[in-house]
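I set out to look up two matters in this entry: how the chains meet, and how one chosen residue is placed. My notes follow.

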Number of protein chains: 2
Amino acid sequence: MSDASALPPLTRIEALDTPLVAVDLARVERNIAALQAYCDAHALDNRPHIKTHKLPFIAHLQLRAGARGLTVQTLGEAEVMVASGVRDLLLTYDLVGETKAQRLARLALLADVRVAIDNELALDTVGRAAALSGRRIGVLVEFESGKRRQGVLTPEAARDLALRVQEHPLLDPLGLMTYPSSAEVVAFVARARALFEEAGLPLHVVSAGGTPGMWRAHELTGVTEYRAGTSVYHDRKSLEDGSGTLDDVALHVHVTVVSSPDADRVVIDAGSKVLTSDLLPAGREAGYGLVLEYPEAVVRELSEEHGVLDLRACRARPSLGERLRIVPNHVCPVSNLVDEVALHEGGTLLAMLPVVARGKR
Amino acid sequence: MSDASALPPLTRIEALDTPLVAVDLARVERNIAALQAYCDAHALDNRPHIKTHKLPFIAHLQLRAGARGLTVQTLGEAEVMVASGVRDLLLTYDLVGETKAQRLARLALLADVRVAIDNELALDTVGRAAALSGRRIGVLVEFESGKRRQGVLTPEAARDLALRVQEHPLLDPLGLMTYPSSAEVVAFVARARALFEEAGLPLHVVSAGGTPGMWRAHELTGVTEYRAGTSVYHDRKSLEDGSGTLDDVALHVHVTVVSSPDADRVVIDAGSKVLTSDLLPAGREAGYGLVLEYPEAVVRELSEEHGVLDLRACRARPSLGERLRIVPNHVCPVSNLVDEVALHEGGTLLAMLPVVARGKR
């Protein structure tokens with residue numbers, strides 16, 4: 001029997017130096033459960049995107065809650081997840097080149113890895129990885145649905161690329177993938193389904209994603225799988241688009257007021273190296289985050305290590321030395337900036353978790 | 001005698017996978033020499049800011065070239081630099097709290113560390129570090145010169161804070177520090193000099209900084225020391241403000257075209273996780289970087305791993321799979337995002353240098 005009284009007293013996260021990225025475990029678990037319950041209720045495969053947290057600990061919470069598998073954006077993220085024991089991954093990114101083929105081949109030896117592609121060069125990379133590993137690799141064709149980033153533009157092009165996938169002896173065309181999840185998805189998938197049937201192509205998977213709109217994913221007829229990343233933590237963008245509430249936000253940046261030069265502003269010890277320079281979409285709220293204790297304050301300007309709070313709209317003002325908590329605009333790149341996060345329960349430190357997949361390309 | 005023929009053949013950086021951050025050693029050395037020669041010609045102490053490169057290797061090149069010491073923005077950067085053998089540092093940041101006092105005390109035992117402050121709480125932290133270590137610590141008072149970030153607002157306030165520094169038995173008031181280096185500096189320093197003399201306060205050091213305007217630092221009468229960071233690499237902002245030319249740019253992000261969905265755009269495998277979301281100041285050039293091979297291309301939008309190039313102004317267009325080099329808008333946060341950089345000479349890989357001070361707070 002362990003003697004709990006022999007343990008050192010538990011640390012409060014308020015005792016940890018700033019800037020600090022703190023993750024609330026109870027809220028994370030609640031967010032994971034909510035997404036899983038939603039997907040279960042609507043018979044959607046849940047495949048959370050780990051880019052938001054980059055933590056094996058949370059990845060396994062998501063799997064234990066019932067996720068079908070996980071989504072990664074880079075081979076490096078996949079390598080970290082597989083090393084941590086994850087065995088079912090979707091890589092939603094065009095891989096190009098021999099080095100990437102070799103890395104994918106190694107992953108295919110250890111896990112069920114699916115890859116999304118939108119062009120033949122990326123298809124060649126996946127085909128090469130299958131050949132190198134001797135393992136079958138599932139392929140999804142990415143299509144355009146409003147982001148104007150990647151993705152084939154027409155259902156015909158999706159079919160043609162899937163036919164090329166089918167020609168490869170070790171590749172399995174599984175279906176389609178897109179981001180974001182707009183109304184355009186439904187029409188595209190309906191037309192593609194007809195074309196795929198005509199061509200004798202399987203369409204087992206239609207994977208959509210994105211935290212904005214996640215609670216209406218069931219309205220996207222034809223979608224079989226959903227990839228949400230941000231919803232595990234939520235952020236200021238979640239508050240703006242309605243996908244989460246302030247009580248759902250599970251990651252806060254703890255900062256200290258380090259300078260108070262005049263009546264209109266104070267300076268905090270977190271800048272773009274913690275909060276990133278990501279703004280909300282044009283026309284939405286200004287600033288680089290929401291200060292929980294002073295919501296009228298505007299995080300007006302960031303240098304790398306400084307954040308300037310504009311206090312002109314505030315009734316009260318923070319004091320020099322005061323500790324504040326910030327909800328970042330976009331939480332995913334925040335995880336990517338820090339080497340570790342403080343996992344806590346009600347403010348009691350549970351672990352300093354290394355952000356193992358940080359910066360992994 | 002070593003047998004050079006037994007060495008493996010040298011790697012070309014073009015053979016390294018993308019995204020890759022490549023640093024041109026010859027250009028770095030030239031940039032370092034140019035800054036040192038300028039400072040020498042104008043009898044300015046040169047104290048480069050290591051936040052741009054975060055590399056001990058380059059820090060020691062700067063010292064070897066004649067720098068008086070180095071500048072850091074965080075205790076973590078200072079700890080890395082001291083561990084690498086640097087013995088003279090200026091920390092240009094208000095430190096607040098007992099943990100930071102303890103860390104500063106440990107540094108003071110190993111190196112000559114000066115600290116800039118703009119308030120009494122930060123002064124208390126430095127005083128506490130001096131008391132803990134038993135070492136003298138030099139203090140500069142930071143003043144406002146147009147950035148509206150930190151710094152006391154008036155020469156009178158600078159004098160009053162310097163008098164408080166002087167009261168501490170182990171603290172040495174050395175002078176003043178500011179950022180950026182605007183015309184306001186001269187008037188502030190002139191007035192402060194009179195007040196400091198009147199009060200019997202030393203004003204040995206007036207430290208100004210910033211790569212924009214660096215070649216006119218000698219016009220700032222009263223300034224004794226200059227801190228430039230970006231000038232070791234330069235970036236798109238240097239090109240815009242005239243502090244550097246395209247031939248001076250020593251850091252490039254190598255990327256690959258991974259998708260080519262339509263005639264107007266291609267997608268590269270570098271997004272905000274390499275290039276950052278930093279834009280140029282409003283009214284300047286658009287986009288998230290300059291594509292060397294296609295300067296008319298606009299890096300229109302970044303996701304974390306994707307960059308969308310708008311090709312509408314281009315005569316030629318990059319092919320799928322083509323490798324490109326990007327000059328980032330703001331190079332300092334790029335260093336902070338990568339675990340290592342490829343140091344090369346004319347494209348021949350010299351070393352994969354770990355960015356040891358990355359993310360160190």
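**Interface of chain A and chain B**

I began with charged pairs: across the interface of chain A and chain B, the rule finds 16 salt bridges. I should record that the model is a predicted one. I looked up one of these pairs, in which Lys273(A) forms a salt bridge with Glu77(B). The closest N and O atoms of Lys273(A) and Glu77(B) are 3.6 Å apart.

I then turned to polar contacts, and the rule finds 32 residue pairs across the interface, both residues being at pLDDT 80 or more.

Next I asked which elements of chain A supply at least two residues each to the side that touches chain B. I found the helices H4 (98-110), H9 (272-275) and H10 (332-335), together with the strands S10 (251-262), S11 (265-268) and S13 (298-302). S10(A) gives the most, with six residues. By class, I noted 18 nonpolar, 16 polar and 25 charged residues on the side of chain A that touches chain B.

For the extent of the interface, I recorded 59 residues of chain A in contact with 59 residues of chain B. The two chains bury about 4800 Å² between them, and 43% of this lies on carbon and sulfur atoms.

**Thr52(B)**

I located Thr52(B) in the loop of chain B between strand S2 (45-46) and helix H2 (56-64). Is Thr52(B) buried or exposed? I entered Thr52(B) as buried, because its relative accessibility is 0%, and buried means under 20%.

Leaving aside neighbours within four places in sequence, I found Thr52(B) in contact with Gly229(B), Thr230(B), Val232(B), Tyr233(B), Val331(B), Cys332(B) and Ser335(B).

Methods: Residues numbered from 1 in each chain as written. Chains lettered and ligands numbered in written order. Predicted model: local features only at pLDDT ≥ 70, side-chain atom pairs only at ≥ 80, totals over all residues. Heavy atoms only, no water. Helix = DSSP H or I, 4+ residues; strand = E, 2+ residues; numbered from the N terminus. Buried < 20%, exposed > 50% of the residue type's maximum accessible area, 1.4 Å probe, protein only. Contact = heavy atoms within 4.5 Å. Buried area = accessible area lost by both parts, 1.4 Å probe. Salt bridge = Lys/Arg side-chain N within 4 Å of Asp/Glu carboxyl O. Polar contact = N/O pair within 3.5 Å; in protein donor to acceptor, adjacent residues only side chain to side chain. Nonpolar A, V, L, I, M, F, W, Y, C, P; charged D, E, K, R; others polar.
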